[in-house]
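This report concerns one helix, its packing partners and the nonpolar cores of a chain. The sequence and structure are shown first.

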Amino acid sequence: MNYKNLIENIDSVIFSISRTGRFLYISPAVEKLVGFSQSQVKGQPYFYSPGHKKRKDRFSAFEELIHPAHRRDVLTRIKRALKNHSDYSATYKIMGTGGYKWVYEQGRYTQNSGSEPRIDSILFDAHNSIAQSLVNQVVSKIPCLLNTSRDLNHLYRLIHESIGSILDLSNFYIALINPNRDVIRFPYNVSVLTEENEQPMDDFYIRHDSAFFSITAHIIETGRSILIKHAEYRSMLEEKEKMILGTPAKVFMGVPLTVDGTTIGAMATQSYTDENYFTRDDLDLFNQISGPIASAIHCKMASSACSPA
């Protein structure tokens with residue numbers, strides 16, 4: 001049987017790396033997954049070694065394609081397999097031809113008689129199944145979060161932790177609009193920019209004649225989610241003849257929190273370092289979990305209002 005012909009024509013990526021981490025072989029399917037050809041990747045490193053120089057003009061190292069939030073874990077697993085002569089597996093996001101996508105990688109340490117030790121691995125595009133599984137994972141936890149939370153602040157923290165288990169939310173906030181719909185409060189805010197990491201932001205008073213533009217107010221007023229990069233945000237501000245409010249991010253992602261057709265607030269995240277950190281698929285995930293989260297917050301607010309002081 002012609003195994004080489006089989007390997008080079010399946011959709012999954014088959015590869016072998018040496019004990020120093022260089023690709024000995026990689027199947028042609030790599031180009032469909034990440035946009036680099038078989039010849040561009042073969043001979044290059046999976047991970048950087050001391051003294052290796054990054055190249056911006058071509059493929060430099062496979063680790064560069066792994067989402068920053070997952071990179072350390074994946075590299076730890078594969079290096080441990082090389083050191084301990086063991087198997088490994090990893091689920092992570094990789095920069096594909098259409099943005100970050102979920103993949104599953106599984107490998108085995110191999111050393112045949114007379115040949116160099118290596119790891120043989122297979123990489124599956126598992127984006128659709130993993131993305132939906134993550135949504136179900138968060139949504140199924142929300143009733144429990146509502147029941148176990150001591151108060152609203154505790155619920156916000158539990159929501160953050162739950163979503164943070166599937167998305168990197170180093171920067172995250174929840175915003176709520178008051179009944180008169182003229183003031184937005186930020187009862188929960190976690191940011192890498194603040195020394196105390198978790199602290200509320202100042203209230204925002206909605207004034208359409210203000211010189212500043214609030215993207216949070218925009219989400220609440222329109223009831224629409226948004227994923228926007230810095231350049232697009234700048235263009236939006238110029239068009240509206242407004243000034244930016246807060247520290248500009250490389251990419252911003254926010255969704256409305258809606259209960260029975262009424263938007264009660266928004267939740268958002270952003271990255272100050274990588275404009276590709278969040279994708280349309282992440283926005284879709286955010287949208288799918290926003291409804292149950294909004295309902296949980298609304299329910300907790302109602303029960304808190306009825307509780308004795």
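The buried residues of helix α4 pack against four strands, listed below, with contact meaning heavy atoms within 4.5 Å.

| Strand | Residues |
|---|---|
| β1 | 13-18 |
| β3 | 88-96 |
| β4 | 99-110 |
| β5 | 118-125 |

The model is predicted: local features require pLDDT of at least 70 and side-chain atom pairs pLDDT 80 or more, whereas totals for chains, interfaces and linings use all residues. Residues are numbered from 1 along each chain as its sequence is written, and side-chain values use heavy atoms, without hydrogens and water.

Helices (H or I, at least four residues) and strands (E, at least two) are DSSP runs, numbered from the N terminus. The buried positions of α4 (under 20% relative accessible area, 1.4 Å probe, protein chains only) are His70, Val74, Leu75, Ile78, Ala81 and Leu82. They lie on the same side of α4 because their arc around the axis is only 130°. Arg72 and Lys83, on the other side, are exposed, that is, over 50%. Just after α4, His85 has a positive phi of about 55°.

Helix α9 (residues 280-306) contains Lys300. Lys300 is buried without a salt bridge (a side-chain nitrogen of Lys or Arg within 4 Å of a carboxyl oxygen of Asp or Glu); Asp151, the nearest side chain of opposite charge, is 7.2 Å away.

The largest nonpolar core (buried Ala, Val, Leu, Ile, Met, Phe, Trp, Tyr and Cys joined through side-chain atoms within 4.5 Å) has 41 residues. To this core α9 gives the most, eight residues.

Technical notes: The arc is that of the directions from the helix axis to the C-beta atoms. Lys and Arg count as positive and Asp and Glu as negative; His and the chain ends are not counted.
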